[in-house]
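Student: I would like a close look at a single part of this model, the charged side chains that pair with each other. Please take me through them slowly, and add whatever else helps to place them.

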Amino acid sequence: MEPIPFTKAFEMFCEGNCPYGPLCEHVLEYWEESQRRPEKVLFLKYEEMLEDPLRIVKRLAEFMGCPFSPEEEKEGVVEEVIKLCSFDKLKSLEVNRTGKLHPDFIQTNDSLFTCCLACWKDET
């Protein structure tokens, strides 16, 4: 597969021509389902995760049926989970520095973190 120039890829994205379908439609469908079945679908917003990661990680753990115990919260387990899931930690993992999503893809996993980290730094 030949790389697609950014401007062409952006046009395709805006037109909904993505490998797995229109992203905006997928997001809307998940949000609607989270409104219908909040016990089954948890809809998190990137901005909320940046704003209050402690609250979001605790909410996620509760949703998954594995809430943190008071002892775990007191011992800083929630904060440790946040550190382990940080961009800096995830981008340093070997699989994310050298691996690919699929053997036929040109794009390597490290490019995903470069892009996401750039967006994240713009937000903070």
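Tutor: A residue counts as exposed when its relative accessible area is over 50%, as buried when that value is under 20%, and as partly exposed in between. Keep in mind that this is a predicted model. Arg36 has a relative accessibility of 55%, so Arg36 is exposed.

Side chains of opposite charge can pair when their charged atoms come close. Arg36 does this with Glu33: their side chains form a salt bridge, with 2.8 Å from N to O. Both residues belong to helix 2 and stand three residues apart, which is about one turn of the helix. Glu33 has a relative accessibility of 21%, so Glu33 falls in the partly exposed class.

Glu33 also has a second partner. Its side chain meets that of Arg37 in a salt bridge of 2.6 Å, N to O. Arg37 has a relative accessible area of 38% and is therefore partly exposed.

Elsewhere in the chain, the side chains of Asp52 and Arg55 form a salt bridge at 3.4 Å, again N to O. Asp52 is partly exposed because its relative accessibility is 29%, and Arg55 is partly exposed because its value is 40%. Bridges with shared partners link Glu33, Arg36 and Arg37 into one network. The count for the structure is four salt bridges, and those described here are among them.

Helix 2 has a nonpolar side to its story as well. The helix covers residues 23-36, and Leu23 is found in it. Leu23 joins Phe13 and Val27 in a nonpolar surface patch of about 250 Å². At 43% relative accessibility, Leu23 is partly exposed.

Now to the aromatic rings. A pair of aromatic rings is described by the distance of the centres and the angle of the planes. A search of the whole structure gives one aromatic pair. It consists of Phe6 and Phe10, whose ring centres are 6.2 Å apart and whose planes meet at 20°, so the pair is stacked; the cut-off for stacked is under 30 degrees. Phe6 and Phe10 both sit in helix 1, which spans residues 6-14, and they are four residues apart, about one turn of the helix. Phe6 has 67% relative accessibility and is therefore exposed, whereas Phe10, with a relative accessible area of 47%, is partly exposed.

Conventions: Residues numbered from 1 in each chain as written. Predicted model: local features only at pLDDT ≥ 70, side-chain atom pairs only at ≥ 80, totals over all residues. Heavy atoms only, no water. Phe/Tyr/Trp six-rings, centres within 6.5 Å; stacked < 30°, edge-to-face > 60°. Helix = DSSP H or I, 4+ residues; strand = E, 2+ residues; numbered from the N terminus. Buried < 20%, exposed > 50% of the residue type's maximum accessible area, 1.4 Å probe, protein only. Patch = residues over 30% accessible without salt bridge, like charges linked within 9 Å, V, L, I, M, F, W, Y side chains within 5 Å. Areas by Shrake-Rupley, 256 points an atom, 1.4 Å probe, with all protein chains shown as cover.
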